[in-house]
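Okay, thanks for squeezing me in. Have a look at the sequence and the structure on the screen while I talk you through a few parts of them.

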Amino acid sequence: MMDFSGIIPSLPGLWNGMLMTLQLMVLGVIGGIVLGTILALCRLSSNKLLSNLAGAYVNYFRSIPLLLVITWFYLAVPFILRWITGEDTPVGAFTSCLIAFMMFEAAYFCEIVRAGVQSISKGQMGAAQALGMNYGQTMRLIILPQAFRKMTPLLLQQSIILFQDTSLVYAVGLVDFLNSARASGDIIGRSNEFLVFAGFVYFVISFSASFLVKRLQKRLTV
Amino acid sequence: MNYNWDWGVFFKSTGIGSEIYLDWFVTGLGWTIAIAVCAWIIALLLGSILGVMRTVPNRWVSGFATAYVELFRNVPLLVQLFIWYFLVPDLLPENLQEWYKQDLNPTTSALISVVVCLGLFTAARVCEQVRTGIQALPRGQEAAARAMGFRLPQVYWNVLLPQAYRIIIPPLTSEFLNVFKNSSVASLIGLMELLAQTKQTAEFSANLFEAFTLATLIYFTLNMSLMLLMRMVEKKVSVPGLISVGGK
Amino acid sequence: MISIKNVNKWYGDFQVLTDCTTEVKKGEVVVVCGPSGSGKSTLIKCVNALEPFQKGDVVVDGTSIADPKTNLPKLRSRVGMVFQHFELFPHLTITENLTIAQIKVLGRSKEEATKKGLQLLERVGLSAHAHKHPGQLSGGQQQRVAIARALAMDPIVMLFDEPTSALDPEMVNEVLDVMVQLAHEGMTMMCVTHEMGFARKVANRVIFMDKGMIIEDCQKEEFFGNTGARHERTQHFLAKILQH
């Protein structure tokens with residue numbers, strides 16, 4: 001019935017797909033955390049305008065599907081770049097997907113960072129200020145390092161979710177792991193086997209990563 | 001090549017029959033709601049059963065539920081959709097396979113696949129919420145119910161679940177919203193739900209910014225209305241003095 | 001050194017401080033006491049502007065806090081503060097706790113800051129713990145580190161906000177000993193505390209607060225010696241606290 005032998009010769013191609021998936025995830029997570037942290041600081045700021053803007057950003061991206069963002073950006077980014085630069089700037093699906101992931105995930109990371117910052121007691125803020133630190137120093141040296149330590153498991157969990165969600169780039173034809181498995185399977189007429197294999201690989205990676213995160217979480221809480 | 005803004009595009013003819021673009025969005029929204037609601041019913045039923053199973057003092061029963069959750073949570077939704085759409089029909093018995101692939105119209109078979117897929121996918125998440133809700137209850141509740149002579153199913157049905165559901169309404173709400181958002185993957189197997197209609201409008205009319213703005217607004221409104229609906233449900237079933245998880 | 005002039009503070013409609021006026025002179029040790037919720041912690045936090053107030057002014061060493069042009073971080077760096085819950089930074093080692101503000105705020109070099117920090121750590125008797133994290137120390141030890149951390153900034157005045165009330169009873173004295181020593185060295189101090197023994201031993205003046213107002217502000221000898229002349233609420237408070 002099922003014949004998995006065709007997978008072995010296709011492994012190099014699948015590996016390239018996996019590299020694409022990992023690249024998207026890692027860059028998406030880094031960009032998402034940076035942007036998300038900035039958003040979180042805006043949300044927590046006493047400036048009403050800033051905090052409302054950041055709040056609107058988060059609400060907006062949390063109420064639309066990631067797939068919509070990916071599709072839209074794929075179509076829109078070339079237009080927007082042309083408006084900015086005034087000339088045709090070719091951007092591939094990779095760049096537009098990456099921007100989509102960063103901006104979308106930033107909304108989720110923002111909420112994680114915000115909760116993390118709020119979980120640090122008010123006294124820490126007071127103590128840092130009493131030592132003469134300004135707002136920037138207090139956040140950078142005292143509050144954020146503690147908050148990030150607490151948030152690490154949640155940030156990692158969100159990254160695992162993004163790892164799975166990168167498969168949605170299938171919609172714009174980017175050859176990530178899933179898409180390379182689909183393509184290789186179709187060529188030799190074994191698409192079902194390749195699909196099962198892809199699912200298995202995703203499962204093993206996500207499952208072991210979640211397992212490690214859970215262990216880390218236990219270590220951090222004890 | 002310049003971009004021509006035209007916010008009136010939604011009222012223009014699509015060139016297909018007498019339809020205007022807005023009709024496409026309405027049809028798409030209809031499909032999105034249909035998929036999400038059907039999947040949610042499956043998710044809620046199956047998820048509740050699994051959630052109860054995870055808390056039952058029997059290793060095999062709870063182990064099965066745990067395995068289910070791990071399996072469905074660690075495989076990307078799109079992979080699961082492809083499995084249900086492409087692979088599972090191939091595994092059906094001969095005559096059933098023929099019916100599914102040939103007699104059924106393609107929209108119906110895609111709809112069945114996506115509803116089953118989303119339902120089972122979301123069930124894993126609902127399961128975790130139900131379990132959390134049950135485990136958040138004071139231990140004494142189960143003991144008290146047993147002491148009154150209830151058998152285990154009665155304990156769950158009469159004492160634990162009514163309390164658990166009430167305290168997990170907020171996280172269940174966000175899962176409910178997720179089903180609507182996740183239903184957009186149906187566009188990848190050719191179902192003309194909201195996202196697919198948006199894309200089609202963008203391609204036909206070349207007014208992609210307008211099309212996606214409207215889609216965003218529809219999703220946003222849908223989200224807000226569902227949130228309000230769930231708040232109303234929460235208020236309606238609220239019991240004074242009952243603990244709440246993550247409530248304010 | 002510190003002069004508090006008609007400070008008023010509201011949380012919404014609720015007035016937490018009403019017309020508080022007092023002074024702490026150079027070299028003076030002033031103890032602030034009163035029942036919980038009397039506003040004494042809020043008042044001391046107004047001195048380094050950790051709590052904003054709506055009316056009045058606090059002048060620290062010639063610098064007005066109400067003046068919007070005042071550089072508050074700079075002012076705070078010259079005022080040492082010790083908190084009820086220590087507020088050491090849990091992600092940093094003891095040494096880092098002692099040096100971080102010296103380096104980042106005062107701009108001292110790392111070597112200089114470390115030398116100073118370790119010196120003060122020795123003074124509070126905790127040299128052996130320099131490389132530990134705050135979580136590995138007892139409450140009393142943490143509070144002594146917190147005092148050393150404040151002293152490392154070479155403050156012109158030290159504020160103590162109930163420094164012993166979060167401690168287990170057996171640890172109270174080790175912290176008070178450090179404070180007494182500090183007082184004897186001539187440090188200007190403002191202490192919110194219930195430790196009347198400490199007040200008797202080193203205070204110059206005692207302030208009693210209730211319901212956001214300064215009810216009593218007099219020399220120690222007068223406060224403890226002439227109880228008959230005290231306000232009714234003061235007598236009531238002292239009777240409760242000195243019973244045992």
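**A pocket, a strand and two cores**

So, this is a predicted model, and please keep that in mind throughout. I'll start with the second largest pocket, because its lining crosses between chains: helices H4 (93-118), H5 (122-130) and H6 (135-165) of chain A, plus helix H2 (72-77) of chain C, each put at least two residues into the lining. Which of these helices gives the most to the lining? That's H5 of chain A, with four residues.

For those of you thinking about volumes, we're at about 630 Å³ for the second largest pocket. There are 18 lining residues, and the ones nearest the centre are A:Lys122, A:Met125, A:Gln129, A:Tyr135 and A:Met139. On chemistry, the lining splits into nine nonpolar, seven polar and two charged residues.

Let me zoom out to chain A for a second. Chain A has eight helices and zero strands. Its C-alpha trace spans about 70 × 55 × 25 Å along the principal axes. Of its 222 residues, 51% are buried. And if you take the contacts in chain A with a separation of 6 or more, 76% come from residues 24 or more positions apart.

One residue to click on there is A:Thr37, which sits in helix H1, residues 7-44, of chain A. Is A:Thr37 buried or exposed? Its relative accessible area is 11%, so A:Thr37 counts as buried. Leaving out residues up to four places away in sequence, A:Thr37 touches A:Val113, A:Leu144 and A:Phe148.

Now over to chain C, and strand E3, residues 29-33. Five of the five residues in E3 of chain C are buried, so the strand is largely enclosed by the rest of the structure. As a reminder, side chains in a regular strand alternate between the two faces of the sheet. Here, C:Val29, C:Val31 and C:Cys33 point one way, while C:Val30 and C:Val32 point the other way.

What does E3 pair with? With strand E8 of chain C, residues 189-192, E3 runs parallel and is joined by four bridges. In that pairing C:Val32 stands opposite C:Val192. With strand E9 of chain C, residues 205-210, the sense is parallel too, again over four bridges, and there C:Cys33 stands opposite C:Phe208.

That brings me to the nonpolar cores. The largest has 165 residues, and the members touching the most others are A:Ile142, B:Leu208 and C:Met190. Helix H4 of chain A gives the most to this core, 14 residues. There's also a second, separate core of 49 residues, which includes C:Val29, C:Leu151, C:Phe160 and C:Leu182.

If you want to select around C:Met190, its contacts include C:Val30 and C:Val32 from the strand we just looked at, and also C:Ile4, C:Leu43, C:Met158 and C:Phe160, again skipping residues up to four places away in sequence.

Last thing, how the chains meet. Which of the two touching pairs of chains has the most contacts? Chains A and B do. Chains B and C, on the other hand, have no contact joining them, and their closest C-alpha atoms lie 21 Å apart.

That's it from me. Feel free to rotate the view and pick things apart.

How values were computed. Residues are numbered from 1 along each chain as its sequence is written. Chains are lettered from A and ligands numbered from 1 in the order in which they are written. This is a predicted model: local features need pLDDT of at least 70, side-chain atom pairs count only at pLDDT 80 or more; totals for chains, interfaces and linings use all residues. Side-chain values use heavy atoms; hydrogens and water are left out. On a 1 Å grid over the protein atoms alone, a cavity is a set of points where a 1.4 Å probe fits but cannot get out, and a pocket is an open set with protein on both sides within 12 Å along at least five of seven lines; lining residues have an atom within 4 Å of a point. Grid points are joined across faces, edges and corners, and a volume is the space filled by probe spheres set on the points. Ala, Val, Leu, Ile, Met, Phe, Trp, Tyr, Cys and Pro count as nonpolar, Asp, Glu, Lys and Arg as charged, and the others, Gly among them, as polar. Buried means under 20% relative accessible area, exposed over 50%, partly exposed in between (1.4 Å probe, protein chains only). Two strands pair if DSSP finds at least two bridges between them. Contact means heavy atoms within 4.5 Å. A nonpolar core is a set of buried Ala, Val, Leu, Ile, Met, Phe, Trp, Tyr and Cys residues joined through side-chain atoms within 4.5 Å.
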